[in-house]
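Please open the model in your viewer, with the sequence panel beside it, and follow the selections below in the order given. Each stop names what to select and then says what is found there.

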Amino acid sequence: MKLITLNEDHIGILCSGLCFIHCCILPILVGSYTITWLPDEFFHTFIMVPVIGVAFFGFKKGLKKHGQLWMTLLGCVGISFMSAGLFLNESTETLFTIFGITLLAAAHFANHRSICKAGHCCHTY
């Protein structure tokens with residue numbers, strides 16, 4: 001039986017997917033209704049704390065295991081786009097955020113693959 005232990009990269013990819021769904025599907029579902037009870041800007045600012053934390057620990061582990069810096073840099077660029085989106089108008093914010101989460105998820109995926117190739121895989125049989 002194949003068991004998978006969740007690690008920082010798995011969590012980062014999962015959260016990026018949820019963020020993507022939030023950015024793309026929620027506006028369609030909500031439509032033009034104004035939701036005043038949803039503290040949108042606070043939520044987006046607050047969620048950056050765990051995003052940065054998961055990325056920090058995941059990429060730190062990756063650097064230690066495989067030593068390749070480019071994934072960390074790609075993740076930082078993704079986080080930079082997500083952070084920049086916080087200061088832009090709503091349509092531009094969505095584009096920056098989607099681009100940023102795509103880069104961050106790709107960096108987490110590449111980091112996980114490189115850790116596995118370096119012989120430190122989290123999959124057990």
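Begin with the whole chain in cartoon view and trace it from the N terminus, where the elements run in the order β-α-α-α-α-β, giving four helices and two strands in the protein. Keep in mind throughout that this is a predicted model. Switching on a surface brings up an accessible area of about 8,100 Å², of which 74% belongs to carbon and sulfur atoms. Of the 125 residues in the protein, 31% are buried. As for how the chain meets itself, among contacts between residues at least 6 apart in sequence, 78% join residues at least 24 apart.

**Stop one: a link between two helices**

Select Glu-8 and Lys-61 and show their side chains. These two residues form a salt bridge, with the closest N and O atoms 3.4 Å apart. The pair ties together distant parts of the chain, since Glu-8 belongs to helix α1 (residues 8-30) and Lys-61 to helix α2 (residues 40-65), with their positions 53 residues apart in sequence. Are the two partners buried or exposed? Neither extreme applies: Glu-8 counts as partly exposed at 24% relative accessibility, and Lys-61 likewise counts as partly exposed, at 27%. If you look for further pairs of this kind, the count for the structure comes to one salt bridge.

**Stop two: two cysteines in view of each other**

Move next to Cys-19 and Cys-23, and show their sulfur atoms. Why is there no disulfide here? The sulfur of Cys-19 has its closest cysteine sulfur in Cys-23, at 4.2 Å, which is too far for a bond, given that a disulfide requires the two sulfur atoms to lie within 2.5 Å. Cys-23, accordingly, is in no disulfide, and the structure as a whole holds zero of them. The two cysteines also fall into separate accessibility classes, in that Cys-19 counts as partly exposed at 22% relative accessibility, whereas Cys-23 is buried, with a relative accessible area of 12%.

**Stop three: a nonpolar patch and a glycine**

Now select Leu-14, Leu-18, Phe-20, Ile-21, Ile-25 and Leu-29 and colour their surface. Together these residues form a nonpolar patch on the surface, with about 610 Å² of accessible area. Leu-14, one of the patch residues, is placed in helix α1 and is exposed, with a relative accessible area of 54%.

Add Gly-17, which is also found in helix α1 and which counts as partly exposed at 30% relative accessibility. Drawing a distance from its C-alpha atom to that of Ile-98, which lies 81 residues away along the chain, gives a separation of 9.9 Å.

**Stop four: the loop before helix α4**

Select Leu-86, which lies in the loop between α3 (70-85) and α4. Which residues does Leu-86 contact, leaving aside its neighbours within four places in sequence? The contacts are with Glu-41, His-44, Thr-45 and Met-48. Phe-42 may be added to the view as a further reference point, since Leu-86 and Phe-42 are 44 residues apart in sequence while their C-alpha atoms are 9.9 Å apart in space.

**Stop five: along helix α4**

Select helix α4 (residues 90-117) and draw a distance between its end C-alpha atoms. At 1.5 Å a residue, the 28 residues of this helix should span 40 Å, and the end C-alpha atoms are indeed 40 Å apart, so the expected and modelled spans agree.

Within this helix, pick His-108, which counts as buried at 1% relative accessibility. Beyond its neighbours within four places in sequence, His-108 is in contact with Glu-8, Asp-9, Gly-12, Ile-13, Val-54, Ala-55 and Phe-59. The list brings the tour back to Glu-8, the acidic partner in the salt bridge with Lys-61.

Continue along helix α4 to Ser-114, which is buried as well, with a relative accessible area of 12%. Not counting residues up to four places away in sequence, Ser-114 touches His-66, Gln-68 and Met-71.

Finish by selecting Gly-119, which comes just after α4 and takes a positive phi of about 90°.

Technical notes. Residues are numbered from 1 along each chain as its sequence is written. This is a predicted model: local features need pLDDT of at least 70, side-chain atom pairs count only at pLDDT 80 or more; totals for chains, interfaces and linings use all residues. Side-chain values use heavy atoms; hydrogens and water are left out. A salt bridge is a side-chain nitrogen of Lys or Arg within 4 Å of a carboxyl oxygen of Asp or Glu. Buried means under 20% relative accessible area, exposed over 50%, partly exposed in between (1.4 Å probe, protein chains only). Patches are made of residues with over 30% relative accessible area and no salt bridge: like charges are joined within 9 Å, nonpolar side chains (Val, Leu, Ile, Met, Phe, Trp, Tyr) within 5 Å. Accessible areas come from the Shrake-Rupley method with a 1.4 Å probe; for residues, only the protein chains shown count as cover. The expected span of a helix is 1.5 Å times one less than its number of residues. Contact means heavy atoms within 4.5 Å.
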